[in-house]
Amino acid sequence: MKTASITMIIGSALLLGLFLFPLWSITLEAPQYPSGIGMYINLDGLEGHEKHDIQNIDGLNHYIGMRKLPKQDEMWEFSVFPKVIGGMAILGILIGLLGLFKKVSYKWFLGWLVLMTVLGVMGIFDFNAWMTDYGTHLDPKAIMKMTDADGNPLSYKPPLFGSRDILNFTAHSYPAIGAILMGIGMFLTFIAYIIGLKKTN
């Protein structure tokens, strides 16, 4: 159990990387922005890739009736997510330490991973719901009102994952360093479970 427990501790600790690095990155590319503008989604708020990117995105969105990007205190997620991630990291490290001292079995590693996966799926669902609301509920008094071929208002929702053309912009939405560290951490906890399972059998 020693190797499995240490792997569990390392995997859980990698979640703490989300307090240092962004979770997600959304970039907008267009001829007038050849180097792109964009924002990082952190656990506790939004941050522009460059100093004025948030201001520039808000300026562009104003023309099509999108709301201003939320500040830290305008979304409950920015106060709850740090507590959830911090709590799960501490819980995982604690389970790993208890495994090291043979107080719990390797099955606890899998339990932690299942719980973390459920929370992750809920987080992705919430993130997608926010982007859908943000990109489709537009100000009816907007300067520009664009419609599709059937006359329906356009949706400006960025893709959850991948790239999508929106008017003359191409939006790219991908995990950032924090999410990659979290993914590696969750994979390591699965490896810890497999190691514990093999040692027991």
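Here a trainee and a mentor talk through a predicted model, one question at a time.

Trainee: Let's begin with the sheet. In what order do its five strands lie?

Mentor: The sheet is open, and its strands pair in the antiparallel sense. From one strand to the next, the twist averages 20°. Reading across the sheet, the order is S3-S2-S1-S5-S4.

Trainee: Which are the edge strands?

Mentor: An edge strand pairs on one side only. Look at the two ends of the order S3-S2-S1-S5-S4. The edge strands are strand S3 (45-48) and strand S4 (162-166).

Trainee: Which residue in S5 is the bridge partner of Trp24?

Mentor: Strand S1 covers residues 24-30 and pairs with strand S2, residues 33-42, over six bridges. Towards S2, Trp24 stands opposite Ile41. S1 also pairs with S5, again antiparallel and over six bridges. There, in S5, the bridge partner of Trp24 is Pro175.

Trainee: How many bridges join S4 to S5?

Mentor: Two of the pairs can be named. Arg164 has Ala171 as its bridge partner in S5, and Asp165 stands opposite Thr170. The two strands run antiparallel, and the number of bridges joining them is five.

Trainee: What is the phi of Leu167?

Mentor: S4 and S5 form a hairpin with two residues between them, and Leu167 is in the turn. Most residues other than glycine have a negative phi. Leu167 is a residue other than glycine, yet its phi is positive, near 50°.

Trainee: Is Leu167 buried, partly exposed or exposed?

Mentor: Leu167 is found in the loop between S4 and S5. Buried would need under 20% relative accessible area, and exposed would need over 50%. Leu167 has 42% relative accessibility, so it counts as partly exposed.

Trainee: Helix H2 lies across several strands. At about what angle does it run to S2?

Mentor: Helix H2 is made of residues 53-64. The strands it lies across are S1, S2, S3 and S5. Its angle to S2 is about 105°.

Trainee: Now for helix H3. Why does its span agree with what is expected?

Mentor: H3 has 24 residues, and at 1.5 Å a residue they should span 34 Å. The distance to compare is the one between its end C-alpha atoms. The two agree because that distance is 34 Å.

Trainee: What covers the buried residues of H3?

Mentor: The buried residues include Glu77, Phe78, Pro82, Gly86, Met88 and Gly99. Both helices and strands take part in covering them. What covers them includes H1, S2, S3, H4 and H5.

Trainee: Lys102 follows H3. Is it buried or exposed?

Mentor: Lys102 sits in the loop between H3 and H4. It has a positive phi of about 60° although it is not a glycine. A residue counts as exposed over 50% relative accessible area. Lys102 has 72% relative accessibility, so it is exposed.

Trainee: Which side chain does Asp133 join through a polar contact?

Mentor: Asp133 lies in helix H4 and is partly exposed, with a relative accessible area of 27%. Asp133 and Ile64 are 69 residues apart in sequence and 14 Å apart in space, C-alpha to C-alpha. The polar contact of Asp133 spans 2.4 Å, and the partner side chain belongs to His137.

Trainee: How far does helix H5 reach from its first C-alpha to its last?

Mentor: H5 covers residues 177-200, which is 24 residues. At 1.5 Å a residue, 34 Å is expected. The computed reach is close to that, at 35 Å.

Trainee: What covers the buried residues of H5?

Mentor: Among the buried residues of H5 are Gly178, Met182, Met186, Thr189 and Tyr193. Three helices and a strand can be named as part of their cover. What covers them includes helix H1 (2-13), helix H3 (77-100), helix H4 (107-136) and strand S5 (169-175).

Trainee: UniProt places a "transmembrane region" at residues 174-195. What percentage of that span is helix?

Mentor: The unreviewed UniProt entry also places this feature at residues 80-101 and 108-131. Residues 108-131 are 100% helix, with end C-alpha atoms 35 Å apart. Over residues 174-195 the end C-alpha atoms are 31 Å apart and 9% of the chain is strand, while the helix share is 86%.

How values were computed: Residues are numbered from 1 along each chain as its sequence is written. This is a predicted model: local features need pLDDT of at least 70, side-chain atom pairs count only at pLDDT 80 or more; totals for chains, interfaces and linings use all residues. Side-chain values use heavy atoms; hydrogens and water are left out. Helices (H or I, at least four residues) and strands (E, at least two) are DSSP runs, numbered from the N terminus. The expected span of a helix is 1.5 Å times one less than its number of residues. Buried means under 20% relative accessible area, exposed over 50%, partly exposed in between (1.4 Å probe, protein chains only). Contact means heavy atoms within 4.5 Å. A polar contact is a pair of N or O atoms within 3.5 Å; within protein, one must be able to donate a hydrogen and the other to accept it, and residues adjacent in sequence count only if both atoms are side-chain atoms. UniProt positions are given in the numbering used here, feature names are shortened, and annotations may be inferred rather than shown by experiment. Two strands pair if DSSP finds at least two bridges between them. Axes are lines fitted to C-alpha atoms, for helices over the stretch in contact, and angles run from 0 to 180 degrees between N-to-C directions.
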